[in-house]
Amino acid sequence: MTTTTGIRLGGLVLGSDDPERLSDWYRAAFAPAAGPGTVLMVGDGRLVFDRRDDLEQSTREPGRILINFYVEDIDAVVTHLKALGVTQWIRPVEHFGPGRIATVEDPVGNYVQLVELADRPGAGR
């Protein structure tokens, strides 16, 4: 097998009939200090919110793609999301092999996973 070098994931495009609303949710949830717009920098990657008129209002198969956010303190992020009114928890915080994980639903039904790795400070509380 040939190894390919120089490739990195640049971002993830989320299509929506209301990309501003979806962008606002992700900013409030994960990057409250970020300015407005339809591109959100998350670490070295980008979440791009694209207007699409060929989509249903809600994702038909939400488990097909899981958006993962690695977090340092999963309990703090869960508390923040609950304060924002997030109620669609697909999977509450639980332990898994390398740490803890929780899965929440975004406003259009995509699954967003919060992952706290055990080798991070404060993990595994």
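1. L22 is buried, with a relative accessible area of 1% (buried is under 20%, exposed over 50%, and partly exposed in between, using a 1.4 Å probe and protein chains only). Please keep in mind that this is a predicted model, where local features need pLDDT of at least 70 and side-chain atom pairs count only at pLDDT 80 or more, while totals for chains, interfaces and linings use all residues. Residues are numbered from 1 along each chain as its sequence is written, and side-chain values use heavy atoms, with hydrogens and water left out.

2. You will find L22 in helix α1, residues 19-30 (helices are DSSP runs of H or I with at least four residues, strands are runs of E with at least two, and both are numbered from the N terminus). Beyond its neighbours within four places in sequence, L22 is in contact with L14, S16, F49, D106, P107 and V108 (contact means heavy atoms within 4.5 Å). One of these partners, D106, is 84 residues away along the chain, yet the two C-alpha atoms are separated by 7.9 Å.

3. Now the helix itself. The 12 residues of α1 should span 16 Å at 1.5 Å a residue, and the end C-alpha atoms are indeed 16 Å apart (the expected span is 1.5 Å times one less than the number of residues). Its buried residues are P19, L22, S23, W25, Y26, R27 and A29.

4. T103 is worth a look too: this residue of strand β6, residues 99-105, is buried, with a relative accessible area of 4%. Leaving out residues up to four places away in sequence, T103 touches Q88, W89, I90, R91, Y111, V112 and Q113.

5. Next, the largest pocket (an open set of points on a 1 Å grid over the protein atoms alone, where a 1.4 Å probe fits, with protein on both sides within 12 Å along at least five of seven lines; lining residues have an atom within 4 Å of a point). About 470 Å³ of space lies in this pocket (a volume is the space filled by probe spheres set on the points, which are joined across faces, edges and corners). Its lining has 21 residues, and L14, G15, L55, T59 and N110 are the closest to the centre. Strand β1, residues 11-16, gives the largest share of that lining, with five residues.

6. The second largest pocket has a volume of about 290 Å³. Strand β4 gives the most to its lining, with four residues, and β1 and β3 each supply at least two. Among the lining residues are L9, V42, R46 and F69.
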